[in-house]
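Visitor: Please take me through a structure and show how its features are read.
Guide: Here it is, and then we begin with a helix.

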Amino acid sequence: MRHSRILTSVLTAALGAGLTLSLGASPAGATTQHREAGYTAYAGSAEEAKANQAFFDAVVKSVAKKRAAVPGATAVTVVYSSANAPSFRTQISRSAQIWNSSVVNVRLVEGSNPDFAYYEGNDSRGSYASTDGHGNGYIFLDYRQNQQYNSTRVTAHETGHVLGLPDHYSGPCSELMSGGGPGTSCQNAYPNSQERSRVDQLWRYGLASAFKTH
């Protein structure tokens, strides 16, 4: 997929990647999907960009309300479930730890009544974050891709979409959202300083602003 190089405004940029933050979503119900680099030359469409922008707006509203409900909280808590991806529980837990140690304004925790869920299976197009454009979504982890690429990197990358980051496949290995762009030799599973900063800005300033204006 092609994406803008930098998110200059987290509230107005159209994300060309599916974000996932919803209750009870499952692979069978999604129609708009982000695919990992290295498996397809999928370029997206205007319809998909519109659907993802609508979903992004819904996420912005939802989490802004979370922060408003607990105004003194240091970070917004986002709950996930790995129950449907048992083979990747270690990688999912590790990716949550990576993000929790990298940013301060959002925290990922596993628990009941999750905001989003991970699934696993076989898909020739690879791993992806998916949405139907109406607030339903999930992260799908493909077996084959996770054997070829660093599995924790794949999981942390897809989780990055949940946190608001687009793909940037032309980036270096040190950039988590470059995904499969740098090739299978890339082992880095950590976001760089720019990615960390963008997520913190989104979950602090972007959502607070959205709550006032949406």
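Guide: Within helix H4, the residues Ser151, Thr152, Arg153, Val154, Thr155, Ala156, His157, Glu158, Thr159, Gly160, His161 and Val162 are buried, where buried means under 20% relative accessible area, exposed over 50% and partly exposed in between, with a 1.4 Å probe and protein chains only. This is a predicted model in which local features need pLDDT of at least 70 and side-chain atom pairs count only at pLDDT 80 or more, while totals for chains, interfaces and linings use all residues. Residues are numbered from 1 along each chain as its sequence is written, and side-chain values use heavy atoms, with hydrogens and water left out.

Visitor: How many residues of H4 are buried?
Guide: The count is 12 of 12, and H4 is mostly covered. Helices (H or I, at least four residues) and strands (E, at least two) are DSSP runs, numbered from the N terminus.

Visitor: What span should helix H4 have?
Guide: The expected span is 1.5 Å times one less than the number of residues. For the 12 residues of H4 (residues 151–162) that gives 16 Å, and the end C-alpha atoms are 17 Å apart, which agrees.

Visitor: Which residue caps the N-terminal end of H4?
Guide: The relevant term is a polar contact: a pair of N or O atoms within 3.5 Å, where within protein one must be able to donate a hydrogen and the other to accept it, and residues adjacent in sequence count only if both atoms are side-chain atoms. Here Asn150 is the cap, with a side-chain oxygen 3.1 Å from the backbone nitrogen of Thr152. After H4 comes Gly164, with a positive phi near 110 degrees.

Visitor: In which sense do strands S2 and S3 pair?
Guide: Two strands pair if DSSP finds at least two bridges between them. S2 (residues 76–84) and S3 (residues 106–110) are parallel, over five bridges. Tyr80 has Glu110 in S3 as its bridge partner. From S2 the chain passes through H2 to S3 in a right-handed β-α-β crossover; with the strands pointing away from the viewer, the path from the first strand over the helix to the second runs clockwise.

Visitor: Where is Asn100, and which polar atom pair involves its side chain?
Guide: Asn100 belongs to helix H2 (residues 89–102). A polar atom of the Asn100 side chain lies 2.8 Å from the backbone nitrogen of Leu108.

Visitor: How many salt bridges does the structure hold?
Guide: A salt bridge is a side-chain nitrogen of Lys or Arg within 4 Å of a carboxyl oxygen of Asp or Glu. The structure holds one, between Arg125 and Asp123 (3.1 Å, N to O). Arg125 counts as partly exposed because its relative accessibility is 39%, whereas Asp123 is buried at 13%.
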